[in-house]
2 protein chains.
Amino acid sequence: MLENIKHPTTRNGKATFNLILRAAEMLFLENGYHKTTVADITHKAGVAAGTFYLYFPSKISLYQHLLLDISHTIRKEIASKIKDKTSRRDKEKEGIKAFLEYAIKNPHMYNIIWESFYIDRALFREYYESFSKRYVKGLQAAQAEGEVDDIDLEIVSYVLMGITNFVGLKLILDLGDEPKSVDSVVETIIRILDHGLFQKNA
Amino acid sequence: MLENIKHPTTRNGKATFNLILRAAEMLFLENGYHKTTVADITHKAGVAAGTFYLYFPSKISLYQHLLLDISHTIRKEIASKIKDKTSRRDKEKEGIKAFLEYAIKNPHMYNIIWESFYIDRALFREYYESFSKRYVKGLQAAQAEGEVDDIDLEIVSYVLMGITNFVGLKLILDLGDEPKSVDSVVETIIRILDHGLFQKNA
DNA sequence: TCATAAAGTGAATACCTATTCATATCATAA
DNA sequence: TTATGATATGAATAGGTATTCACTTTATGA
């Protein structure tokens, strides 16, 4: 399913390769996969149509490459932000904040990630499953320390991904108007994760 | 942006109209919007290509019609299930359960709802914003009763939608293998909403 | 029975776009 | 300088698909 990209060997080749990659990224992010044509990409990159196929065997192979790229970037971003926090609770808080900030800085990232659901289902599934697995690993360590309740951590990972993804979506939908501050939103979320949603009476 | 559908007036016309609608629903659900052609739809419905355009001015107008349809169905489904619960906490629990059960029964519904993000952004936004508004209304009533913490309910609504959507997604991704039971999953979620995620020590 | 409007047909149209390929240029090592 | 592989070109190809339209059929009320 994964077609092989031909990486360039010369300085010029590498420059062209990156021009195409950056042009495609901007266009996919802006307009999505289906509304972006190969001609759009090569035009924006300033190269001929045929040049595209020197490096990428197909339009979808470029898309897959980009998705993996973005996926790694997000993970690294979050990992670097939480590595110096000690408690799981604080790691969670920082991780949520890092994700939301990334989302606001890259408001079209959903264009690439979610669209994979329709373009390459296996890739979509792999994206979230591997994200979940890494999440579970961190939560397990915390659970062993008694920091986290004894519950199904795989479901917890989807709960947490769902929260960050949808709240991030909300922030992005509001970008034109007056979006809430990331900090206030993180407070709301972490409050739920700290105490739950409902009032305790009696 | 919303094109007008021409509703049939005769018994035969109505039957044909529905044949097209059902065929399209099945195909969009199964294969998504872009992979479904108008020819596929008319073939499955057993009518000629031109018949499609007697009722629907375009492929996308049919898609929009279906999305609104499904949206109403989900809401009614959830509303009917939670109406006899008294506490907000129990309403929430039943609502989550109803959504997840609907998702499992209609595993491709995301095909229509999420894809609108790429097909008709305004419709997507409207879908989630109106879902959120209704959610907030319910939560406000509960907040007035002191049942729910004093926090930003709009964010809470996206938190809750994120949880149900992503856990539903997880259940659907697992459908081929051995999916977890809806009840056990609901327990995990409600436990977080009841007490939070972390252990209280001291 | 017949006029009429609604419903139905499906081949033709018109457009779009991913990919190919014959050809040309470039950079560099020998 | 020159041979060579990498890089680059862009017109042509090939396949697909939403929509139209001139025409036919059907149902029904007068």
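Before the surfaces, one definition: Ala, Val, Leu, Ile, Met, Phe, Trp, Tyr, Cys and Pro count as nonpolar here, Asp, Glu, Lys and Arg as charged, and the others, Gly among them, as polar. With that, the surface near DNA strand D has eight nonpolar, eleven polar and one charged residues. Please keep in mind throughout that this is a predicted model.

I will stay with strand D for a moment. There are 20 residues around DNA strand D, and those that come nearest are A:Thr16, A:Ala48, A:Thr51, A:Tyr55 and B:Val38. Of the atoms of the strand that come within 4 Å of the protein, sugar and phosphate account for 72%.

Some individual contacts. A:Thr16 places a polar side-chain atom 2.5 Å from a phosphate oxygen of DNA strand D. A:Ala48 uses its backbone instead: an N or O atom there lies 2.8 Å from a phosphate oxygen of DNA strand D. There is also a contact to a base, where a polar backbone atom of A:Gly50 is 3.2 Å from a base nitrogen of DNA strand D. In terms of elements, helix H1 (11-31) and H3 of chain A, together with H3 of chain B, give two or more residues to this surface. Which of them gives the most to the surface near DNA strand D? That is H3(A), with five residues.

Now strand C. Here 19 residues surround the strand, and the closest are A:Val38, B:Thr16, B:Ala48, B:Thr51 and B:Tyr55. Of the strand C atoms within 4 Å of the protein, 71% belong to sugar or phosphate, and the rest to bases. By class, this surface has eight nonpolar, ten polar and one charged residues.

The polar contacts to strand C that I picked out go to phosphate oxygens. B:Tyr55 has a polar side-chain atom 2.7 Å from one. For B:Thr9 a polar backbone atom is 2.9 Å from a phosphate oxygen of the strand, and for A:Lys59 a polar backbone atom is at 3.0 Å. Helix H3 (49-55) of chain A, and helix H1 (11-31) and helix H3 (49-55) of chain B, each supply at least two residues of the surface near strand C. H3(B) has the largest share, at five residues.

Next, the two protein chains against each other. The contact takes 53 residues from chain A and 54 residues from chain B. The size of an interface is often given as the accessible area lost when the parts come together. For chain B and chain A the buried area is about 5600 Å², and carbon and sulfur atoms give 67% of that. On the chain B side, B:Tyr118, B:Phe166 and B:Phe198 lose the most area to chain A, together 15% of what that side buries.

There are polar links across this interface too. Between chain B and chain A the count is 21 residue pairs in polar contact, and eight salt bridges. One salt bridge is between the side chains of A:Glu154 and B:Lys170, at 2.6 Å, N to O. Which elements of chain B give two or more residues to the side that touches chain A? They are helices H5 (88-105), H6 (109-113), H7 (116-119), H8 (121-144), H9 (153-173) and H10 (182-195). The largest share of that side, 15 residues, comes from H9(B). By class, the side has 26 nonpolar, nine polar and 19 charged residues.

The A:Glu154 and B:Lys170 residues also belong to a network of salt bridges, which links A:Asp152, A:Glu154, B:Lys170, B:Asp174 and B:Lys180.

Last, salt bridges within a chain. The count over all chains is 28. In chain A, the side chains of A:Lys93 and A:Glu187 meet at 3.2 Å, N to O. That pair links distant parts of the chain, 94 residues apart, with A:Lys93 in helix H5 and A:Glu187 in helix H10. A:Lys93 is partly exposed at 22% relative accessible area, and A:Glu187 is partly exposed at 42%.

In chain B, B:Arg22 has two partners to show. With B:Glu25 the closest N and O atoms are 2.2 Å apart. These residues are three apart in helix H1 of chain B, so they are separated by about one helical turn. B:Arg22 is partly exposed, at 36%, whereas B:Glu25 counts as buried, at 18% relative accessibility. The other partner is B:Asp69, at 4.0 Å, N to O. B:Asp69 lies in helix H4 and B:Arg22 in helix H1 of chain B, so this pair ties together parts that are 47 residues apart in sequence. B:Asp69 is partly exposed, at 30% relative accessibility.

Conventions:
Residues are numbered from 1 along each chain as its sequence is written. Chains are lettered from A and ligands numbered from 1 in the order in which they are written. This is a predicted model: local features need pLDDT of at least 70, side-chain atom pairs count only at pLDDT 80 or more; totals for chains, interfaces and linings use all residues. Side-chain values use heavy atoms; hydrogens and water are left out. A residue is near a molecule or strand if one of its heavy atoms lies within 4 Å of it. A polar contact is a pair of N or O atoms within 3.5 Å; within protein, one must be able to donate a hydrogen and the other to accept it, and residues adjacent in sequence count only if both atoms are side-chain atoms. Helices (H or I, at least four residues) and strands (E, at least two) are DSSP runs, numbered from the N terminus. Buried means under 20% relative accessible area, exposed over 50%, partly exposed in between (1.4 Å probe, protein chains only). Contact means heavy atoms within 4.5 Å. Buried area is the accessible area (1.4 Å probe) that two parts lose on being put together, summed over both.
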